[in-house]
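Trainee: Let's go through this model together. I'll ask, you reason.

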Amino acid sequence: MLFNSYGFIFLYLPIVLLGFFLLARTSHAFAAAWLASASLFFYGYWNPAYVGLLLCSIAFNYAFGLWIAKAGIKKLKLRQKKLLTLALTANLILLGYYKYANFFLDSVNSMAGTHLSWGEVILPLGISFFTFTQIAFLVDTYQGKVKEYNFIHYTLFVTYFPHLIAGPVLHHKEMMPQFAHASTYRFNYENMAVGLTIFFIGLFKKVILADGIAKFASPVFDSAASGVELTLIEAWTGALCYTLQLYFDFSGYSDMAIGLSRMFGIILPLNFHSPYKAVNIIEFWRRWHMTLSRFLRDYLYIPLGGNRKGEARRYLNLILTMLLGGLWHGAGWTYVIWGGLHGFYLMVNHGWHAARRKLGQDPSQSLSRPAHALSVLLTFLAVVTAWVVFRANNLDTATAMLKAMAGMNGIIMPHEWLASWGNFGQWLTRHGGNFSANDSILSVTGTTYIWITISLLVVWLAPNTQQIMRSYKPALNFQEERNLWLQWRPSRIWLAACLICSVYATLSITKLSEFIYFQF
Amino acid sequence: MTPKHFVTRFAYGFFLLFALAGIFNRIVDPAWYYRDTVIKGFNAVKPEFLSFEQRVKPALLVRDQPEALILGSSYAEIGFDPTNPFFTDRGRMKGMNFAFARAPWEKVQCHFEYAVTHSKIKRALVGFHPGDLPMADCEKDSESIGDIDTIDLLFTYSALDFSIKTILKQKESDITHTPEGMYFYYRGVNPANYFRQGLEARSASCGNSKNNPGKAQNLNLSGLRRMIQSAQAHNVELVLFAYPEHAYLLEMDYLCGDMEEKWKVMQQIGSFIDSESAGKIPAWQFYGYNAVTAEPVRNSMWYWQDSRHFNYEVGNMFLEDIFAKSRSPENNPVFARSLNTSYADFLNERDEYLRFHPQFTTNMRWVNPKFSILPRN
């Protein structure tokens, strides 16, 4: 079931909400169990076969969590360590089998010319998310940070449907206290108003903006994959469209998850905070998929030594963390290279900051307006380049796209422009302008460029959902000091705006369109 | 406003607006599916039906249960009126034009399969092009046939958009389809130009693989066999016909040197149908030189839209030939002839026509000066 489907909006969500608050009048445990069951139903709607796998994973990790905690109470450090190692290994084997086994064998086959095979392995939805969530739980139990072991709450923490499939990656210390709090189980109109507004803003982003621009991105990447030599303009158009599609898709999903959760009175952590406004790559990763960045930092980068073992080791740790972060997104070399590219960007960024500090400058100082704009643009271009590798089906497609973007196929304009530009087109031709003899793979009616322009304006200039909702604590870890011009409050104008956006977005749900992050 | 007011008003407003969109789409009915509210000047003309016909026609077939069907591509959709009295046995059978624009043979075969399994049809008139008529994988190729989603028709932004366009285009649009599914096409819009393009296109494909000598011996007719078997199994009176062409297109076949092979292909198909059905399934063609097939090309024509699309007035004559004259001992068909007709007879007819109608050649030269034709010596 998708958040952007009629079944979810008109049936599943109202029933689950109603059941939750009615049962909560009788018992909080019943209400939590209802929500966990509904989440399992939500998960099983795709493929019921994997509900068993999810439940086994929950039972296994909960049991190991308890044993590790008990060993901790009895001060049996070695036993605790063995249990943690065993549990982590089991989790990684599960993830490795479902997500990486075929990738590993394909890589071996292509290098050694062998034909090894595991057969077809269908990736269970959300396996990366629920595995990482539980690894964090086990590690924190080992470190004595976990305080609550209520099984229903734990099951709900893992399966909670707003986050189960595509994040945010939850941390038990944020969620368990909320599940235990009595106020969560009381219907609250403010939570409902805030939740509905955020949910429909997210739906609008997904259905209107992300799906709207997606139709311009796919033909370009598909053409590159089929060997078509793209022009500079086509390649950049495709890359920009995908960059914006991914932005609105993930931003929309994150808003919808936060909004849905808020309807149940539970506040999720902030996961997406206008990443394309970042002035450098370090900041980009503090704004994009924030909960994954936090997980990678806390459970990979810092255990590897972080920045505590010298500059060289710090850069190595960065690269390793980002390579694994890339691999987390998918079992393919394009993801690994994408991760490596971002690792390289981070190294350069940290190196630049170190150099500035040596020169007596403070890298954290705010920039002048032109320098700020230039930094945002430079960061954005670096991110776009990396997204090309991320989106491409294989390395050949990525190379073909990047070559075209670098102008290595020549700077040729679509031949439709020659006609539509009239005398200016003729003038350009006389003065060396090249127009393709063939039809462009994109419909160059101007629609594509209107989409790109509007989307970029939204991305760079508009306040984000959390900023608009800032008076109502829309997400955990969100702090906004500035007083922005656009502030949501329950008023007639906002009601009208929300109604128009929500009805327009809901009516525009015409086909099943999965969120890009579902595949990770 | 309190959050409570916001939530309650939002909920009421959301469902109200949603319901209003549905009611509006239901009344305007741009897909012409519900057909219960017809208001002249508001929704009587359905200019957007073409966008829906692939989904709506199969649903109408299931709902209306027609007994006499016309199947094929746009030639059949434009050319045959399913209410024709000869086709419907003077109205005793309910007729429907179940043909679709750009439907290749495989789709037509799947449409036929769908029709015999979803409607109690008694008669089916099916058009084809002389050539391969292979078996379609209907489960794969046409799995979505008949899928009609009420949500899609009522509660989507595209439906709302189509409804608004339907209302706005009432004054400027003519009726495009009849309720029984026949398509009117762009009647009267410069057919000479379409002829010019049609002849050019035919000239460009002279001697292509489709018309290769020896084709007749290697035809794949597995799909046709399946259709005949389905018709027999469901007790459907199947009548087949090769799509007619304007005589200028026949001349292009002749100029290209493809005519004889095409004729052999047609004869091969005719023999196949006879052997598969023990002579019980009639198959017709309308190739010939007469006042209808050789209508002079002008900027406004009565019988033809272009060199292949004929108007329903022509279709009416063909239907009379097929379902009345060919079955009456006193009459002979005027235009229709068996697929097995001799090629020599056809050539003699052509020569005679050209000899007595010199304006035919003059007119063709006017259409396109490149193509000069002469009768055989």
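**Strands, core and cavity**

Mentor: Start with a strand pair in this predicted model. In chain B, β3(B) and strand β4 (residues 237-242) run parallel, joined by six bridges.

Trainee: Which residue stands opposite Ala124(B) in β4(B)?

Mentor: β3(B) also pairs with strand β1 (residues 68-71) of chain B, in the parallel sense, over four bridges. There, Ile70(B) stands opposite Leu125(B). On the β4(B) side, the residue opposite Ala124(B) is Leu238(B).

Trainee: How many of the six residues of strand β3 (residues 123-128) of chain B are buried?

Mentor: Take the two faces. Arg123(B), Leu125(B) and Gly127(B) point one way, Ala124(B), Val126(B) and Phe128(B) the other, and all are buried. The strand is largely enclosed by the rest of the structure, because the buried count is six of six.

Trainee: Which helix gives the most to the largest nonpolar core?

Mentor: That core has 160 residues, and Phe8(A), Tyr160(A), Phe161(A), Trp387(A) and Trp488(A) touch the most other members. With 18 residues, the top contributor is chain A's helix α9 (residues 189-225).

Trainee: How many residues are in the other core, apart from it?

Mentor: Its members include Ala59(B), Leu133(B), Ala192(B) and Leu238(B). We met Leu238(B) opposite Ala124(B). The core's count is 98 residues.

Trainee: Which helix gives the largest share of the lining of the second largest cavity?

Mentor: The cavity holds about 50 Å³ of space. Its lining divides into five nonpolar, two polar and one charged residue. Among the lining residues are Thr291(A), Arg294(A), Phe295(A) and Tyr299(A). The largest share, four residues, comes from chain A's helix α12 (residues 290-301).

Technical notes
Residues numbered from 1 in each chain as written. Chains lettered and ligands numbered in written order. Predicted model: local features only at pLDDT ≥ 70, side-chain atom pairs only at ≥ 80, totals over all residues. Heavy atoms only, no water. Core = buried A, V, L, I, M, F, W, Y, C linked by side-chain atoms within 4.5 Å. Buried < 20%, exposed > 50% of the residue type's maximum accessible area, 1.4 Å probe, protein only. Helix = DSSP H or I, 4+ residues; strand = E, 2+ residues; numbered from the N terminus. 1 Å grid on protein atoms, 1.4 Å probe; cavity = no way out; pocket = protein on both sides within 12 Å on 5 of 7 lines; lining within 4 Å. Points joined across faces, edges and corners; volume = space filled by probe spheres on them. Nonpolar A, V, L, I, M, F, W, Y, C, P; charged D, E, K, R; others polar. Pairing = 2+ DSSP bridges.
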